[in-house]
Amino acid sequence: MTSNVSETMGAVGTAAIAGIGTTEYYRRDGTNKSRVRLACEAILAACDDAGIGVEQIDGFASYSDETPPSTIAPTLGIPNVRFAAMVWGGGGGGGCAAIANAVAAIHAGHADVVAIYHAVRRTQATRFGGEGALTRSVNPWTFPYGLMTPAQQFAMIVRRHMHEFGTRPEHLGQLAVTQRTHAATNPLALMRKPLTLDDYFASRMIADPFRLFDCCLENDGGGALIVTSAERARDLRQPPAYVLATAQGGAGAWGNPLFDQSAPPDIYPTAGHRPLAEQLYKTAGVGPDDIDVAELYDHFSGMVLLQLEDYGFCGRGESGPLVASGACTWPNGRLPINTHGGNLSEVNLHGTTHLIEGVRQVRGTAANQVEGASLCLVTAGPSPIPSSSMLLSRETR
Amino acid sequence: MPDTTPYLPAALAEFDVDEIDAGFFDACLEHRLSIQRCQTCSTFQHPPREACSTCRSFDLAWQQIPGTGTIYTYTIAHHPIGPVRDYVPYTVIAVDLDGTGGARLVSNLVDPPEAVQIGAAVEVVWDEMTSERTLPRFRLRDESSASSGSHVR
């Protein structure tokens with residue numbers, strides 16, 4: 001195995017993403033396929049993309065998924081499972097952490113080929129705030145007051161950001177419009193009809209300040225990635241997307257307070273990603289100016305703005321004007337973000353497609369390809385701990 | 001909405017609490033707002049936890065606080081989902097509680113949604129949801145009334 005250990009933070013660039021795969025994307029209730037079927041289809045597609053036999057898989061990593069390897073492995077006839085890891089926490093925070101676990105397993109020799117998978121089947125899940133959520137074991141600090149959905153929880157953070165920094169509703173709208181613009185030229189995207197700022201302001205309010213188009217889609221589908229050693233990846237079908245650095249975790253006082261709103265004032269109106277940004281940059285020896293393209297987890301428009309600040313692409317409170325300036329719009333912006341359209345407009349697989357789009361960008365095969373992209377930031381969450389993020393690179397460093 | 005309509009449905013008050021949380025809701029039944037306070041370093045914290053997150057002491061107790069505070073942030077819920085579908089729009093606020101050095105409580109502002117403002121002074125009103133559960137909600141503070149502790153309806 002390539003030995004390339006950073007003095008500060010462990011494995012750097014020793015592993016790579018060698019394969020990516022998805023199912024067809026379905027609108028909510030648009031398929032009768034089970035979660036297991038969707039996950040298996042995606043894994044097979046990722047193996048095919050990599051040019052690796054599915055029987056070569058000897059490890060599994062996932063996040064926020066309800067199908068365990070004990071179901072996937074026999075279904076796909078995997079002869080020997082040597083590694084299986086699930087990231088704690090719900091939602092999309094663990095996407096890059098699942099990649100990090102795969103990288104760690106490969107670095108430690110626990111596995112050679114790890115499949116990361118996540119599948120979404122809305123009708124098989126309890127909806128946030130829906131009738132199925134009415135149990136006696138709800139969060140007593142939020143639920144009795146009708147604070148029941150992620151849209152409401154994140155709306156409170158973004159509202160405070162607007163109060164402190166002057167972020168405006170049209171800034172949220174510009175973000176939604178930007179991502180729809182990207183989705184419009186992505187043949188895979190579910191929402192390709194162009195969106196104007198007028199359309200945005202005509203859409204109904206969900207949880208002030210979030211309107212309909214500030215919120216991620218609800219849909220079905222599955223995605224998967226194959227991680228292996230950098231050395232082995234170089235012999236496979238696709239150019240490797242080297243995993244240059246990963247970070248998972250977050251400030252202790254930010255994560256769970258997502259629900260109860262108790263984070264201290266200095267970190268409350270952030271995405272909780274500042275510690276992750278610091279670790280990524282330190283591990284990789286790069287800074288925000290070195291990044292060519294960023295796939296930033298977008299459950300809600302405003303939380304993308306806050307991530308732009310946490311990762312240092314602008315100062316605190318400057319993210320709204322940054323997006324409104326076109327700086328984040330492909331192809332001419334200096335930092336195109338969510339080039340696939342994201343959870344808001346492409347498909348919402350809890351960020352699995354952000355990992356996949358990051359790979360496409362450094363391979364040079366994205367529908368909205370950033371010219372010469374060699375370094376891509378991918379984030380997952382903001383969510384209760386662990387949130388996570390990673391840097392993908394076209395080159396080993 | 002007529003005055004006889006509760007702010008949110010009683011179904012939202014049908015929940016269990018564990019030992020660590022019970023002191024808060026017991027005090028609510030007596031119309032007292034009580035927050036967990038460390039007996040070692042005197043720090044207030046909310047929500048209550050098993051240990052003081054400032055000094056790691058396990059010696060924690062409940063202390064009554066004034067029931068006034070300031071709106072730190074808010075959202076107005078419009079989406080008519082599940083149990084609240086007939087109650088939108090309603091206002092969820094996070095209140096920085098006076099006398100606690102920064103403890104923050106999620107609740108509702110019972111005034112009309114258009115009246116909500118970050119930084120506004122509020123005071124507790126008690127909402128007797130069920131025989132088991134009384135919840136603190138808040139109303140904008142009238143500078144002329146110094147007292148707190150009225151009923152929500």
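This section describes the interface between chain A and chain B of a predicted model, and then selected features within each chain.

The interface involves 38 residues of chain A, which are in contact with 40 residues of chain B. Together the two chains bury about 3400 Å², and carbon and sulfur atoms account for 59% of this area. On the chain A side, Arg136(A), Trp141(A) and Tyr145(A) contribute 28% of the area buried against chain B, more than any other three residues.

Polar interactions across the interface comprise 14 residue pairs in polar contact, with both members of each pair at pLDDT 80 or more. Among the elements of chain A, α4 (150-165) and β8 (205-207) each supply at least two residues of the side that touches chain B. The largest share comes from α4(A), with seven residues. By residue class, the side of chain A that touches chain B consists of 20 nonpolar, 10 polar and eight charged residues.

Three salt bridges were counted between chain A and chain B. In one of the salt bridges of the model, the side chain of Arg136(A) meets that of Glu14(B), with an N to O distance of 3.8 Å. Arg136(A) is also one of the three residues that together supply 28% of the area buried by chain A against chain B.

Over all chains, the search of the whole structure gave 20 salt bridges. Within chain A, Arg28(A) pairs with Glu218(A), and their closest N and O atoms are 3.5 Å apart. Arg28(A) is located in the loop between β4 (26-27) and α1 (35-50), and Glu218(A) in the loop between β9 (210-211) and β10 (219-229), so this salt bridge ties together parts of chain A that are 190 residues apart in sequence. Both partners are partly exposed: the relative accessibility is 37% for Arg28(A) and 32% for Glu218(A).

A further salt bridge in chain A links Lys33(A) and Glu41(A), with 3.0 Å between the closest N and O atoms. Glu41(A) is likewise partly exposed, at 22% relative accessibility.

In the pair formed by Glu357(A) and Arg360(A), the closest N and O atoms lie 3.7 Å apart. These two residues are three positions apart in helix α13 (residues 352-363) of chain A, and are therefore separated by about one helical turn. Glu357(A) and Arg360(A) are both buried. Elsewhere, salt bridges with shared partners connect Arg136(A), Glu14(B), Asp16(B) and Glu132(B) in one network.

Helix α3 of chain A spans residues 95-108. From the first C-alpha to the last, the 14 residues of this helix reach 20 Å, close to the 20 Å expected at 1.5 Å a residue. Of these 14 residues, 11 are buried, so α3(A) is largely enclosed by the rest of the structure. The buried positions include an unbroken run in the list from Gly95(A), Cys96(A), Ala97(A), Ala98(A) and Ile99(A) to Ala100(A), Asn101(A), Ala102(A) and Val103(A). Ala105(A) and Ile106(A) are buried as well. After α3(A) comes Gly109(A), which has a positive phi, near 85 degrees.

Another buried site in chain A is Gln179(A), which has a relative accessible area of 0%. This residue belongs to helix α5 (residues 169-184). The side chain of Gln179(A) makes a polar contact of 2.7 Å with the side chain of Asn338(A). When neighbours within four places in sequence are left aside, the residues in contact with Gln179(A) are Asp298(A), Val304(A), Asn338(A), Gly341(A), Gly342(A), Leu344(A) and Ser345(A).

Chain B contains one helix and nine strands. The helix comes at the start of the order of elements, which reads α-β-β-β-β-β-β-β-β-β from the N terminus on. Chain B has 153 residues, of which 48% count as buried. Among the contacts in chain B with a separation of 6 or more, 56% are between residues 24 or more positions apart.

Conventions
Residues are numbered from 1 along each chain as its sequence is written. Chains are lettered from A and ligands numbered from 1 in the order in which they are written. This is a predicted model: local features need pLDDT of at least 70, side-chain atom pairs count only at pLDDT 80 or more; totals for chains, interfaces and linings use all residues. Side-chain values use heavy atoms; hydrogens and water are left out. Contact means heavy atoms within 4.5 Å. Buried area is the accessible area (1.4 Å probe) that two parts lose on being put together, summed over both. A salt bridge is a side-chain nitrogen of Lys or Arg within 4 Å of a carboxyl oxygen of Asp or Glu. A polar contact is a pair of N or O atoms within 3.5 Å; within protein, one must be able to donate a hydrogen and the other to accept it, and residues adjacent in sequence count only if both atoms are side-chain atoms. Helices (H or I, at least four residues) and strands (E, at least two) are DSSP runs, numbered from the N terminus. Ala, Val, Leu, Ile, Met, Phe, Trp, Tyr, Cys and Pro count as nonpolar, Asp, Glu, Lys and Arg as charged, and the others, Gly among them, as polar. The expected span of a helix is 1.5 Å times one less than its number of residues. Buried means under 20% relative accessible area, exposed over 50%, partly exposed in between (1.4 Å probe, protein chains only).
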